[in-house]
Amino acid sequence: MSVPFSGGFTRSAGIYSAIGKQLKSVNLKPIKQVVFKFDPFQPNVKTIRDCMFLLSSQRVLNTNPRCVIKTDIADNCEPTISITLDEGKKLLFKTENLNTLEVLQEFNKIVVPLIPKEEEIVGKVAGKIAAGAGTKAGGKPKPARK
Amino acid sequence: MAAIESTTRLIQFQSLLKPWLPTATAIRWRTRKPNVQRPIPDHYVKARYKAALEPIYPDPLVGMPWYQVCGNLLAKKEEEEVGKYEELLAKQFHTRFADAQLIAVLHENSTKAHEIIKIKQMLHGHNMQMVFGSRKIATMALANTEFEPVLRLHVGRTAYLCSKDLQISKLLKFTKKMTSFVLLGGIVQGRLLTRNELQWCSTLPDINMLRAELCSILTSSTSQLSQSLTYQQQQLARSLEQHVKQNGEMSCDGES
């Protein structure tokens, strides 16, 4: 009798690689506002500060230019990320005892299913648009110089 | 005689202690160039001799306890050597801190180099300077100094804005313009303050005015005390004077 194999075939590439993978799927489309609130003098603020850095990158911001990102620095408060969705719902991440990776994973778990799917253009319409684009790209032939 | 013996012995030893030098032998070839990278395997007998003469070293892990043999256990971190360049950076870091009267601690969000250049241009000529450094360099520079409490705020990406003048409102104005930096706190004349305290500090009037106010408050109580102590005597003196005046008038009237 043999023991069935369980587990991964390869070793993990490390925490930074995992964060990078999560960061690739971060999308702010269904989000209206993100507020980072923390007291920098509290001990467990590394997570929220790292998240602030990661979510302020240009690539993430470009996913939704209308999304407002705020930082609120207050005295004696626990580090929280409050997110307002387009639907009106609010999410609150208490990051005191969380890891950067865990925050990103939870964020993606909630936000990624809410991203509106881009409608794929199929059939005749696609052909027409394509044809129109083709003529546009080509443009009218310039009148020959006399 | 002894000297001669010792020298002869030395010469004998020298012959033994000659360092081994790899010798280059010239190979004559005409038809086929010898393959240096993948040479022809040795003749069987030669190969056997070579294999027999290969040294066998003892396994270093034999006889060691399991906690040293196991490779999965994390080995103790060896103390890292501090590089000269790091030392230089730390020194620079500390001098900038020591020169400044006012230091703002900022959280750095992801920025591009051209944004930082713009900020530097904005600060140029205002006796202000941005100071960047990793946690390692900051600890090297600031540990065991008066600025040690700042290291508490140095978590993740942190930058500092050092100002040689004590103009808090001006510094706050500049930090507002830096969109990718978030003000966390600051050091005002060697005292660590939170962001709110910094803002309160900016509303305070000039320190010389405050000193004058304090002086007036301190002197007012002493003057009041002296006044209250001498009040009775002064009144007595005044009434006596009055009495003398009245008596003088009366005597004048009597004479007339």
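Analyst: In this predicted model, a residue is called buried when its relative accessible area is under 20%. Over 50% it is exposed, and in between it is partly exposed.

User: What makes strand β3 of chain B mostly covered?

Analyst: Count its residues. The strand spans residues 158-163, and six of its six residues are buried. Thr158(B), Tyr160(B) and Cys162(B) point one way from β3(B). Ala159(B), Leu161(B) and Ser163(B) point the other way, and these are buried too.

User: Why would side chains point two ways?

Analyst: In a regular strand, side chains alternate between the two faces of the sheet.

User: How do you know that β3(B) pairs with other strands, and which ones?

Analyst: Two strands count as paired when DSSP finds at least two bridges between them. Strand β1 of chain B, residues 102-108, shares six bridges with β3(B). Strand β2 of chain B, residues 128-132, is joined to β3(B) by five. Both counts meet the cut-off, so both are pairs. Each pairing is antiparallel.

User: Which residues of β3(B) are the bridge partners of Val105(B) and Phe132(B)?

Analyst: Val105(B) has Tyr160(B) as its bridge partner. For Phe132(B), the partner is Ala159(B). In addition, Ile103(B) stands opposite Cys162(B).

User: Why is β1(B) called largely enclosed?

Analyst: Seven of its seven residues are buried, so the rest of the structure largely encloses it. Both faces are covered. Leu102(B), Ala104(B), Leu106(B) and Glu108(B) lie on one side, with Ile103(B), Val105(B) and His107(B) on the other. β1(B) also pairs in the antiparallel sense with strand β4 of chain B, residues 181-188, over seven bridges. One of the links joins Ala104(B) to its bridge partner Gly186(B) in β4(B).

User: What makes a group of residues a nonpolar core, and how many residues has the largest one?

Analyst: The members must be buried nonpolar-type residues, such as Ile or Phe, joined through side-chain atoms within 4.5 Å. The largest such set has 48 residues. Ile31(A), Ile81(A), Ile83(A), Phe93(B) and Phe97(B) have the most contacts inside it. A second, separate core has 20 residues, including Leu102(B) and Ile119(B).

User: What does Phe93(B) touch?

Analyst: Setting aside residues up to four places away in sequence, Phe93(B) touches several residues of chain B, among them Val131(B), Phe132(B), Ile137(B), Leu142(B) and Tyr160(B).

User: Is Thr80(A) buried or exposed, and how do you know?

Analyst: Its relative accessible area is 10%. That is under 20%, so Thr80(A) is buried. Thr80(A) is found in strand β3 of chain A, residues 80-85. Beyond its neighbours within four places in sequence, its contacts include Val35(A), Ile48(A), Leu92(A) and Lys94(A).

User: Why is the link between Lys94(A) and Glu78(A) called a salt bridge?

Analyst: The rule asks for a Lys or Arg side-chain nitrogen within 4 Å of a carboxyl oxygen of Asp or Glu. Here the N to O distance is 3.7 Å, so the pair qualifies. Lys94(A) lies in strand β4 of chain A and Glu78(A) in the loop between β2 and β3, so the bridge ties together parts 16 residues apart in sequence.

User: What makes Lys109(A) exposed and Glu106(A) partly exposed?

Analyst: Lys109(A) has 58% relative accessibility, which is over 50%, so it counts as exposed. Glu106(A) has 33%, between the two cut-offs, so it counts as partly exposed. Their side chains meet in a salt bridge at 3.4 Å. The two residues sit three apart in helix α4 of chain A, separated by about one helical turn.

User: How do you know that chain A and chain B touch?

Analyst: Contact means heavy atoms within 4.5 Å. On that test, 14 residues of chain A are in contact with 19 residues of chain B. Together the chains bury about 1,600 Å², 60% of it on carbon and sulfur atoms. In chain A, Phe41(A), Arg49(A) and Phe53(A) lose the most area to chain B.

User: How many salt bridges and polar contacts cross this interface?

Analyst: The rule finds zero salt bridges across the interface of chain A and chain B. It finds eight residue pairs in polar contact there.

Key
Residues numbered from 1 in each chain as written. Chains lettered and ligands numbered in written order. Predicted model: local features only at pLDDT ≥ 70, side-chain atom pairs only at ≥ 80, totals over all residues. Heavy atoms only, no water. Buried < 20%, exposed > 50% of the residue type's maximum accessible area, 1.4 Å probe, protein only. Helix = DSSP H or I, 4+ residues; strand = E, 2+ residues; numbered from the N terminus. Buried area = accessible area lost by both parts, 1.4 Å probe. Polar contact = N/O pair within 3.5 Å; in protein donor to acceptor, adjacent residues only side chain to side chain.
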